[in-house]
Amino acid sequence: MIRFGVRLTVAGGREAVVRLAVMAGAVALGVWLLVSTLAGVNAVNAQFARFAALSPQTSSADGPLWWAERNDYFNGQSMQRIDVATTGTGAPVPQGLQRLPGPGEYYVSPALADLIAATPADQLADRFPGRQAGLVGDAALPSPDTLTVIVGSTPDLVSQLYGARRITAFPTVAPGIPVAALDLILSVVAGGLLFPVLIFIGTATRLAAARREQRFAAMRLIGGTPRQISVVAAVESTVAALLGTVVGFGLYFAFRVQLAGIPFTGMPFHPEDVTLGPLMAAAVIVGVPVGAAIAARVALRRVRISPLGVVRRVTPKPPRWYRLIPLLLGIAELTFFIGRVPEHSTAQVAVFMPGLLLIMTGLVIAGPWLTMVGARLLARRAQRPATLIAARRLADNPAAAFRAISGVVIGLFVTTVSIGIIQSIAAERGSYADALAASTMVAQFEHNPDNIPAPVIASLAAGDKVRSVTVMRDNPFHDGAYAGTVSCADLARTPEFGRCADGAVVAWVSEGFMQYRAAHGSGVVWPAAPLTEAQLAAQPVIEVVVGTDGSTAALERTRTALQIAFPDLRIMPATEWDHVHDQNSQLAGFEQLAAVVIFASLPIAGCSLAVSVIAGLTDRKRPFSLLRLTGVPLGVLHRVVALESAVPLLAAAVLAIGAGLLGAQLFLTAQMQYNLHPPGLTYGLIVAGGLLLSLAIIAATFPLLRRITGPETARSE
């Protein structure tokens, strides 16, 4: 029977070949995305392990290695700087280094080495004293683009740096992804990407289901046993699944390097990290064909009952209202935790992800019931034959009608939740990183000096690209409203930062002249401080603010000069734009992940819709042919097909968008106390494009309807 099943599958005529090709294509797409997802999770795990290579876990008062980490910048890129110094023998060496750099030596990552070679020394290389002794190995670099420098120095200097500690050892076993992060990754991927893929595969395996059932029923009538029919059906599905699995793995290997370049976490991966373990690969290779065979066996339950079971068709039982329960439970779960958010991140993931997944699952479960309710309302108001036929068919089998558009619903829900949350967080955390904020370099001191030497100020002010150098001193009152004080005479020479109140000699000012989430610039009037010039001069210096023309050369030359003059800075010199960009790096990673999910799920959902519509037309070509023979115009059938797909599609789209906005609002309120900001133009274009594409797919099936509903179809069936 296996040989007979293979022959039916590959030599059963044009319809069998088309069905096999579509099923294999769907499985190939699903397997490709599945193994890419699993490889992506492994890559994130490997990337986390590379982060840990330069993250010492143990320290003590007598450790043989001084270690101080700081964050530096170059042209908008974040750079990790580590200063080290040994106090004796036995100092631990981290992965990625053959030895520790001594005083006057430094190791850099390959990406930073290329940047140093292409950049004038006074803008970058002069920050690192001494000579380049070698490269940091990939074992310590999370990404090929990582900018890392490890600078050797003396214990006296490193011990005075902010956050310096003495190290005894580095981790020898790479830790895995924290449970919370892994749950988050798997939940987002499973909900946003795998749901549409599974729906697509399930839809493709039902292609021409009615015709297959009739063929298998005929085989039963001529003496085939249920076991033999199950074997034939399983062979057909298994062959398609095997072909699809092979093609899917081929696509994965063909695009593995491109997959590594997608910055899911805000940075690309090393290509060798994007890989499948033997157990994962074996599970996919075995699991997909076995799952297809099981699905084929379940799908033939009516044929196994009786060879006449296919003919004796009855209207399925209508869905009941309790299908709404999972959707309502998901909404209730998110609502309950408003004001009751757990403190630990693992508990937060355990709270919010089930709620969002419940809503997502609830949409799929409740969809048939909502389709039935909408169909009944449509039937009551129907005034044309096409509307009445479509409404009756929707009400007769709402589960099949909703199955066709369920992938689009999930895609729209994921799109709405992702964009709603991400754009709201960006809007709430955003700051006024305008041209002034991007061109003003600020150096904050860890050990506040009494004064800034005049030669240092002169060197900072040298060149026509530097507009001003302003010294900001401490606010002795420490009232919290303003961190620093400046001389109004100095402020008068820098009008771009604002002006003093009338009659003031000394003014209170904010750090870097930038008030958080408030207007800044020439229109700001800083309040007078009750200090004289002499009292101001007695206060320690907390910042040096350098105004530039905003060019990369001016900013990086100023940054380098400040680091040379003040090597013990607590926070490396940076602009407000640098801080905003750095704070939003994690958000950018989620934006990248959301974009991948969105632009993968919607096309898959469109393919699922196309296969569903084609499968529905193929299964109903005899009834449609008989309607045409009785005089029903082809245009009426076009409207029937359009209404059967478009009505539940648009209704479900409204539901999915509403549920997505509600889920995003509940998450933002409970987790961050933020309000949902209305999605912008990008979201509108994505939704409109997705719906228009779906309607275009429906319209594209109209020529097929003409071909399969001719008189010859009614005679041959």
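These legends walk through several close-ups of one predicted model.

**Figure 1. Trp32 meets Phe255 in a tilted aromatic pair.**
A search of the whole structure turns up twelve aromatic pairs, and here's one of them. The centres of the Trp32 and Phe255 rings sit 5.6 Å apart, with 40° between the planes. Look at where the partners come from: Trp32 belongs to helix H2 (residues 14-53), while Phe255 is in the loop between helix H7 (226-254) and helix H8 (256-260). That puts them 223 residues apart, so to speak, two distant parts of the chain linked by a pair of rings. Trp32 is partly exposed, with a relative accessible area of 25%. Phe255 is partly exposed too, at 39%.

**Figure 2. Tyr482 and Trp508 make a stacked pair.**
What makes this pair count as stacked? The ring centres of Tyr482 and Trp508 are 6.5 Å apart and the planes are at 5°, so the pair is stacked; the cut-off for stacking is planes under 30 degrees apart. Tyr482 lies in the loop between strand E9 (466-474) and strand E10 (484-487), and Trp508 lies in strand E12 (residues 506-509), so the pair ties together parts that are 26 residues apart in sequence. Trp508 counts as buried, at 17% relative accessibility. Zoom out a bit and you'll find these two rings in a cluster: ring pairs link Phe477, Tyr482, Phe497, Trp508, Phe513 and Trp526.

**Figure 3. Strand E3 pairs with E2 and with E6.**
Strand E2 (residues 65-74) and strand E3 (residues 77-86) run antiparallel, joined by ten bridges. To get your bearings, find Tyr73, which stands opposite Ser78 in E3. The hairpin of E2 and E3 has two residues between the strands, and Asn75 takes a positive phi near 50° there. Strand E3 also pairs with strand E6 (residues 148-152), this time in the parallel sense, over five bridges. A handy landmark for that pairing is Ile82, with Ile150 of E6 opposite.

**Figure 4. Six strands line up in an open sheet.**
Reading across, the order is E12-E10-E9-E14-E8-E15, and the pairing is antiparallel. Which strands stand at the edges? They are E12 and strand E15 (571-574); each has a single partner strand, so one side of each is left without a neighbour in the sheet. From one strand to the next, the twist averages 25°. At the E12 edge, E10 and E12 pair in the antiparallel sense over four bridges. One spot to look for is Ser487, whose bridge partner in E12 is Val506.

**Figure 5. Arg127 and Asp72 form a buried salt bridge.**
The structure has 14 salt bridges in total, according to a search of the whole model. In this one, the side chains of Arg127 and Asp72 meet at 3.0 Å, N to O. Arg127 lies in the loop between helix H3 (110-118) and strand E5 (131-135), and Asp72 lies in strand E2, so the pair ties together parts that are 55 residues apart in sequence. Are these residues buried or exposed? Arg127 counts as buried at 4% relative accessibility, and Asp72 is buried at 0%. They aren't on their own, either: Asp72, Arg127, Glu556, Arg559 and Asp578 are linked in a network of salt bridges.

**Figure 6. Two further salt bridges link distant parts of the chain.**
Start with Arg50 and Glu272, whose side chains meet at 3.8 Å, N to O. Arg50 is in helix H2, and Glu272 is in the loop between H8 and helix H9 (278-299), 222 residues apart. Arg50 counts as buried at 11% relative accessibility, whereas Glu272 is partly exposed at 45%. Now turn to Asp549 and Lys465, with a distance of 3.9 Å, N to O. Asp549 is in the loop between strand E14 (541-548) and helix H19 (552-565), and Lys465 is in the loop between helix H16 (454-461) and E9, 84 residues apart. Asp549 is partly exposed at 33%, and Lys465 is partly exposed at 33%.

**Figure 7. Five residues make a nonpolar surface patch.**
Trp321, Tyr322, Ile325, Leu329 and Leu358 make up this patch of about 510 Å². Among them, Ile325 lies in helix H11 (residues 325-336) and is partly exposed, with a relative accessible area of 39%.

Notes. Residues are numbered from 1 along each chain as its sequence is written. This is a predicted model: local features need pLDDT of at least 70, side-chain atom pairs count only at pLDDT 80 or more; totals for chains, interfaces and linings use all residues. Side-chain values use heavy atoms; hydrogens and water are left out. Rings of Phe, Tyr and Trp (its six-membered ring) pair if their centres lie within 6.5 Å; planes under 30 degrees apart count as stacked, over 60 as edge-to-face and the rest as tilted. Buried means under 20% relative accessible area, exposed over 50%, partly exposed in between (1.4 Å probe, protein chains only). Two strands pair if DSSP finds at least two bridges between them. Patches are made of residues with over 30% relative accessible area and no salt bridge: like charges are joined within 9 Å, nonpolar side chains (Val, Leu, Ile, Met, Phe, Trp, Tyr) within 5 Å. Accessible areas come from the Shrake-Rupley method with a 1.4 Å probe; for residues, only the protein chains shown count as cover. A salt bridge is a side-chain nitrogen of Lys or Arg within 4 Å of a carboxyl oxygen of Asp or Glu. Axes are lines fitted to C-alpha atoms, for helices over the stretch in contact, and angles run from 0 to 180 degrees between N-to-C directions.
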